[in-house]
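Dear colleague,

I am handing over the structure we spoke about, and you will find the sequence and the coordinates just below. My notes on what I found in it follow after that.

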Amino acid sequence: MNALLRRLSPGGFAWLVVHELRLAMRNARRRARSTWIGLILLALFVAIGIMLALGLRHVPIQGGPTIYTGALAASILLMSFMATQALLRSQHTLYESGDLDLLLSAPLEPRTILRAKLCGIAGSIVISFALLVLPIAIPVAVLGHPGLFGIPALLAALSLTSACLGLAITIGVVALAGPRAARTLGQIIGALLGGAVFLISQLMSNGGQGRRSAAMSLFNWLGAHRIGTGGIGALPGRAALGDPLAAALLLGGAVLLFAGTSYLFGRSFLSGYQKARMRLSRQHAATGQIASHFRAGLFAAMFAKEWRLLARDPALAFQIVLRLIYLAPIALAAFGHGRGPPLLPVLAFASVLIAGQLVGSFAWLAVSGEDAPDLLTAAPIARRQVERAKLASAMAMAAPFGLILPIAIALTTPLGALATLVMTAAGGATAGLIEIKWQKPAPRKTFQRRRSGSIVAGLLTLVATAAFGGLAALAVYAIG
């Protein structure tokens with residue numbers, strides 16, 4: 001990347017695009033725990049691709065309704081995750097990236113900067129998903145199925161479209177919700193967008209035919225409605241199999257959409273960036289009701305303070321929505337048909353596991369978000385009192401989610417629901433205590449790097465919640 005940058009004209013469009021890709025790869029390396037693990041996984045994917053290519057070498061891969069429908073379903077799933085990544089990258093550009101001030105003050109066209117940013121977002125998406133798809137697809141294409149060389153063109157078209165969608169959503173959220181709420185709302189939309197296909201597919205499969213995976217549910221629905229067997233719906237499948245006309249139509253349409261987005265949203269993007277850099281705190285006129293902010297007693301004051309800090313933190317909303325997304329299918333199974341004895345112990349185990357993860361997350365936020373740890377250390381109070389208040393606030397925020405599955409179990413066996421509730425509370429309290437004992441206060445910017453703290457605490461939390469979950473499952477199974 002550095003050698004390529006030196007060969008390009010500084011400040012030009014190509015130079016800016018390469019610079020964005022270099023920053024994206026640098027951030028990916030920082031987030032990776034080990035480069036060797038990534039290389040091992042890449043080698044494993046290539047090995048799987050070679051084995052698959054050898055097995056399919058003499059098997060014809062031809063287009064048809066089934067292949068086209070499957071390609072469309074896979075494209076929709078990829079678009080869901082790609083759009084989420086593009087939305088988060090767009091938010092990173094608006095709120096966290098520190099290079100836009102310098103770029104906008106340079107003698108460069110703002111529209112050129114926006115196009116380069118969009119290309120960087122699309123390029124990072126291509127790199128992320130190409131590392132997962134191409135090591136398997138390319139060996140198959142090389143060893144007997146050259147038509148599959150159309151898959152890179154399909155990935156490029158999907159990434160360009162996702163980059164435009166992510167930027168449009170980000171700008172729309174900033175315009176509608178304002179700069180303060182836009183960051184939190186954007187994270188929530190990103191979580192919903194990433195799990196939208198998963199949730200919808202689980203809703204579609206929540207019938208009498210048994211539960212299926214998201215991809216299979218989407219495939220069956222598309223096939224039942226004959227979407228993807230021909231026309232525009234068949235373009236992803238035709239492009240993936242090497243049809244040059246389909247690939248040109250998809251890629252050309254994505255490029256036109258990309259150009260239109262950069263043209264239409266250029267001024268809105270700059271306006272949103274300027275708003276995002278403003279002071280985001282609310283300003284209210286003094287009401288004189290200062291006494292309402294104070295509580296009688298140490299525990300009440302600490303509890304109110306921790307609750308207020310946890311409730312207003314943007315990263316917290318993102319984590320809550322993610323857990324709600326993956327809790328929803330379990331709740332659908334719990335409140336739907338087939339609540340027989342084999343399912344109830346599984347629900348009890350899941351209740352404890354979910355509550356433990358939630359309380360652990362909230363406790364981690366309470367510890368890491370402590371603004372005055374030195375003041376609390378020097379204060380004439382017992383540390384146990386502070387920890388008790390932090391744990392109570394974390395459990396209070398997790399309580400609404402921890403009650404969902406015990407209520408579902410109570411529809412069949414009230415005693416089993418009571419046992420599940422007791423174990424859920426015990427598992428959550430244990431997980432919270434582990435986090436409070438092992439974690440240390442840290443700057444708020446570390447909230448976005450969840451689990452950057454103690455690995456031992458994470459393992460102990462998992463073991464403790466699994467143990468209490470197992471006891472809950474056994475109790476519910478014994479009660480029947």
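**Around His 145**

Leaving out its neighbours within four places in sequence, His 145 is in contact with Leu 56, Arg 57, Val 59, Pro 60, Ile 61 and Val 140. Please keep in mind throughout that this is a predicted model. His 145 sits in the loop that runs between α6 (110–142) and α7 (151–204), and because its relative accessibility is 9%, under the 20% limit, it counts as buried. In the stretch just after α6, Gly 144 takes a positive phi of about 135°, and α6 itself bends by about 50° at Ala 130.

**The nonpolar patch**

On the surface there is a nonpolar patch of about 850 Å², made by Met 25, Leu 39, Leu 42, Val 46, Ile 50, Leu 54, Ile 127, Leu 131, Val 142, Leu 143 and Phe 149. Two elements, α3 (35–55) and α6, give two or more residues to this patch, and the largest share, 5 residues, comes from α3. As a reminder when reading such a list along a helix, an α-helix has 3.6 residues a turn, so residues three or four places apart point the same way. Met 25, which is also one of the patch residues, lies in helix α2 (residues 13–31), and it counts as partly exposed because its relative accessibility is 31%, a value between the limits of 20% and 50%.

**Leu 421**

Further along the chain, Leu 421 lies in helix α18 (residues 414–438). With residues up to four places away in sequence not counted, Leu 421 touches Leu 403 and Pro 406; for the second of these, the separation is 15 residues in sequence and 6.0 Å in space, taken from C-alpha to C-alpha. Leu 421 has a relative accessibility of 35% and therefore counts as partly exposed.

**The chain as a whole**

The chain holds 19 helices and 0 strands, and buried residues make up 40% of its 480 residues. If one takes the contacts between residues at least 6 apart in sequence, 81% of them join residues that are at least 24 apart. The area that the chain exposes is about 24900 Å², of which carbon and sulfur atoms supply 69%.

With kind regards

Notes: Residues numbered from 1 in each chain as written. Predicted model: local features only at pLDDT ≥ 70, side-chain atom pairs only at ≥ 80, totals over all residues. Heavy atoms only, no water. Helix = DSSP H or I, 4+ residues; strand = E, 2+ residues; numbered from the N terminus. Buried < 20%, exposed > 50% of the residue type's maximum accessible area, 1.4 Å probe, protein only. Contact = heavy atoms within 4.5 Å. Bend = angle between axes of the 7 residues up to and from the residue. Patch = residues over 30% accessible without salt bridge, like charges linked within 9 Å, V, L, I, M, F, W, Y side chains within 5 Å. Areas by Shrake-Rupley, 256 points an atom, 1.4 Å probe, with all protein chains shown as cover. Salt bridge = Lys/Arg side-chain N within 4 Å of Asp/Glu carboxyl O.
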